[in-house]
Amino acid sequence: MRPRGPLLCIGLVLSSPAFAGYEASADCEPWPGEPSPLATTSSSDPLAARYAALRAEELVALAHELEAVAPGDAHRLWLHVACLDPERDDAKAGVERTVPMRVHAPEVVREPAQATAEAPDVASAFGQLDDPIPVVLASTAPKTAPKPVTTSAAKAALAQPAAKAPLHAAPNALLLPADGLLDEAEGLVREAHFEEALDKATKARETLPRTGDQAALRKRRTRADVIAGTAQVALGKDADARASFERALQTDPRLRLDPATTSPKVVRAFDAARAAVSGGTP
Amino acid sequence: MRPRAWPQTLAACVSLGVAGCLATSPPNAWLEVDVARGLSPEAGAAAPARVEVVLDVTPGMAVTAQGQRSNLDAARAGAAQLLRRLPADVPATLVAFGATGPECQAPPLVLGPESGRPAVLALRAEGMAPVAEASLASTLDHVATAIAADGGAERTRVVVFTDLATQCGGDLCAAGEKLLATGATLDFVLLGGGQIPACLRSPALPSGLPSSVSRRTEVDPVPFRLLAAPAGPAREPTAGVAGERPMRVDPGPAMVELALTPPLELPVVLSPGALLHLRVIDFPDASPPVREWRLETTAPPADLSQAAAPR
């Protein structure tokens with residue numbers, strides 16, 4: 001992609017015409033319950049002017065309250081405040097701050113992702129949409145569609161449904177319950193139900209018999225551990241995730257995850273486990 | 001008051017003669033009441049904000065020159081970054097289009113809403129892979145329909161990570177305006193130098209009373225009663241409604257009682273042949289609460305047919 005230069009927020013550009021358009025349309029109709037015609041603070045009638053000032057004040061308080069949770073409503077409130085009290089400077093600023101549609105073109109930078117701090121509210125989180133997006137490039141990043149993963153176990157655990165490879169090349173009645181559980185666990189990972197996915201993967205591993213086709217058993221153990229590790233990463237159980245990935249790598253030392261279809265965070269946890277298993281520095 | 005005044009009136013008529021009696025009958029007075037109210041107090045806790053992250057994972061997003069970042073890389077990272085920044089208690093939904101087939105026909109893949117754990121969707125966003133081309137316009141239309149059906153649209157923020165180069169058509173402007181018409185907000189995060197269509201640079205925005213105000217607006221008219229003044233002559237209670245046409249009443253001192261919370265009782269003097277206009281502003285949720293009024297005496301309505309009947 002073409003990296004962008006300085007941060008650019010077209011939303012600010014868009015917001016001014018929106019405000020100007022509003023003024024041009026003079027849509028200062030009274031809302032239900034308000035006197036008609038709509039009173040303004042410049043009215044020669046003292047009671048009408050007083051009403052307009054009080055009404056503007058309460059709508060401003062509500063607009064501030066709504067900006068974080070319902071900016072679309074806050075936008076309409078600010079527009080109405082501008083009708084009630086055209087002299088208020090904060091009304092125009094409020095209209096611009098809450099314009100319901102914004103366009104952002106953040107810079108994309110080649111940096112490791114820093115730990116992202118939780119914002120105090122949704123508005124603050126959205127206020128950072130123009131922040132640079134850090135993208136970590138994997139050396140094997142795909143050019144177009146996802147590439148096949150190195151092992152079928154990893155692919156089965158993490159790929160999208162359409163790309164999922166069957167794992168039942170050597171059907172075995174004793175393996176069917178585990179396969180069912182693993183399929184369910186994969187589905188749960190795809191639906192972001194990680195607690196349940198972890199539970200199913202653990203049960204699947206426990207269901208596997210100790211004797212039988214060892215190659216088939218190894219595949220399923222690997223698959224269960226990769227699913228469990230993925231869910232554990234999602235749940236923030238980093239030590240458990242590393243243990244699961246290490247188990248998977250001890251079962252299949254050639255195991256690799258496809259960075260095209262796997263979350264970078266999972267890949268990093270997996271690579272750390274691989275480095276530990278192979279004696280390198282995690 | 002008329003019924004009790006009849007004996008005296010009759011006696012006067014007898015002594016003065018009927019013609020004299022008619023000639024000296026006092027004219028009516030008129031009363032008009034208007035009330036403008038501020039917001040009523042909020043009932044119950046406000047619902048939390050919701051976030052819908054729309055992620056373009058169509059194959060076109062994955063195209064890149066050797067060694068460079070694709071728009072898909074940036075979209076996935078940007079969506080994950082936003083999801084991780086959301087407060088944990090915010091219900092978040094991940095809507096990915098292009099993640100399933102068939103081409104240009106598959107509905108978007110919708111994950112969530114995840115209440116309490118938006119960060120778990122960040123991992124799913126990072127793992128999204130392109131499968132088939134899909135329409136951004138159809139996806140936004142789908143999201144708008146779902147938001148409208150769920151209610152609480154005014155508290156929903158939709159953000160789209162895309163390069164705007166989707167290949168399956170659809171009317172993006174209509175879909176965008178449909179989404180904005182629900183009351184939700186829309187943020188586009190454009191990747192790879194995509195340009196927003198001109199029609200979306202100044203979209204039609206919803207206007208009028210927002211639902212957050214509507215919930216706190218009393219639209220029922222305020223009833224009032226005209227009663228005898230404590231130290232005044234007797235008077236049959238008369239009922240009226242604020243905001244209606246002027247009402248014909250007997251002249252003299254009286255008490256107007258408006259059914260506000262708390263009730264407002266005002267002593268008034270109704271002059272014969274004149275209109276007394278009582279205007280009240282009431283802001284019960286102001287701090288401190290504000291209630292002010294103004295009494296104005298003007299000429300009665302020119303067209304007597306415009307008068308409201310006393311109740």
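## Basis of the description

A residue is called buried when its relative accessible area is under 20%, exposed when that value is over 50%, and partly exposed in between. Arg50(A), with a relative accessibility of 34%, is therefore partly exposed. The structure described here is a predicted model.

## Overall character of chain B

Chain B comprises 311 residues, of which 50% are buried. Its secondary structure consists of seven helices and 13 strands. The accessible surface of chain B amounts to about 13200 Å², and carbon and sulfur atoms contribute 57% of that area.

Among the contacts in chain B with a sequence separation of 6 or more, 72% join residues that lie 24 or more positions apart.

## A salt bridge between the chains

Across all chains, the whole structure contains 29 salt bridges. One of them joins Arg50(A) to Glu292(B), with 2.8 Å between the closest N and O atoms. This pair crosses from chain A to chain B: Arg50(A) belongs to helix α2 of chain A, residues 46-67, and Glu292(B) to strand β13 of chain B, residues 290-298. Glu292(B) has a relative accessible area of 25% and is therefore partly exposed, as is Arg50(A) at 34%.

A network of salt bridges also links Asp45(A) with Arg279(B), Arg294(B) and Glu296(B).

## Salt bridges within each chain

In chain A, the side chains of Glu57(A) and Arg88(A) form a salt bridge with an N to O distance of 3.1 Å. The two residues are 31 positions apart and connect distant parts of the chain, Glu57(A) lying in helix α2 and Arg88(A) in the loop between α3 (71-84) and α4 (89-97). Glu57(A) is partly exposed, at 46% relative accessibility, whereas Arg88(A) is buried, because its relative accessible area is 18%.

In chain B, Asp282(B) is paired with Arg291(B), and the closest N and O atoms of this salt bridge are 3.0 Å apart. Asp282(B) has a relative accessibility of 5% and so counts as buried. Arg291(B), at 22%, counts as partly exposed.

## Helix packing in chain A

Helix α10 of chain A (residues 238-251) packs against helix α11 of chain A (residues 264-277), with axes 8 Å apart and an angle of about 60 degrees between them. The angle makes α10(A) oblique to α11(A), because the roughly perpendicular range runs from 65 to 115 degrees and the roughly parallel class is confined to angles under 35 degrees. The crossing of α10(A) past α11(A) is right-handed.

On the α10(A) side, the contact is made by Arg242(A), Phe245(A), Glu246(A) and Leu249(A). The α11(A) side contributes Val266(A), Ala269(A), Phe270(A), Ala272(A), Ala273(A), Arg274(A), Ala276(A) and Val277(A).

## The surroundings of Leu83(B)

Leu83(B) is located in helix α3 of chain B, which spans residues 71-85. With a relative accessibility of 0%, Leu83(B) is therefore buried.

Apart from neighbours within four places in sequence, Leu83(B) is in contact with Val53(B), Ala92(B), Pro118(B), Ala119(B), Leu121(B), Ala122(B) and Ala125(B). Of these partners, Val53(B) is separated from Leu83(B) by 30 residues in sequence and by a C-alpha to C-alpha distance of 8.1 Å.

Key. Residues numbered from 1 in each chain as written. Chains lettered and ligands numbered in written order. Predicted model: local features only at pLDDT ≥ 70, side-chain atom pairs only at ≥ 80, totals over all residues. Heavy atoms only, no water. Helix = DSSP H or I, 4+ residues; strand = E, 2+ residues; numbered from the N terminus. Buried < 20%, exposed > 50% of the residue type's maximum accessible area, 1.4 Å probe, protein only. Contact = heavy atoms within 4.5 Å. Areas by Shrake-Rupley, 256 points an atom, 1.4 Å probe, with all protein chains shown as cover. Salt bridge = Lys/Arg side-chain N within 4 Å of Asp/Glu carboxyl O. Axes fitted to C-alpha atoms, helices over the stretch in contact; angles between N-to-C directions. Parallel < 35°, antiparallel > 145°, perpendicular 65-115°, else oblique. Left-handed = near helix turned anticlockwise from the far one by under 90°.
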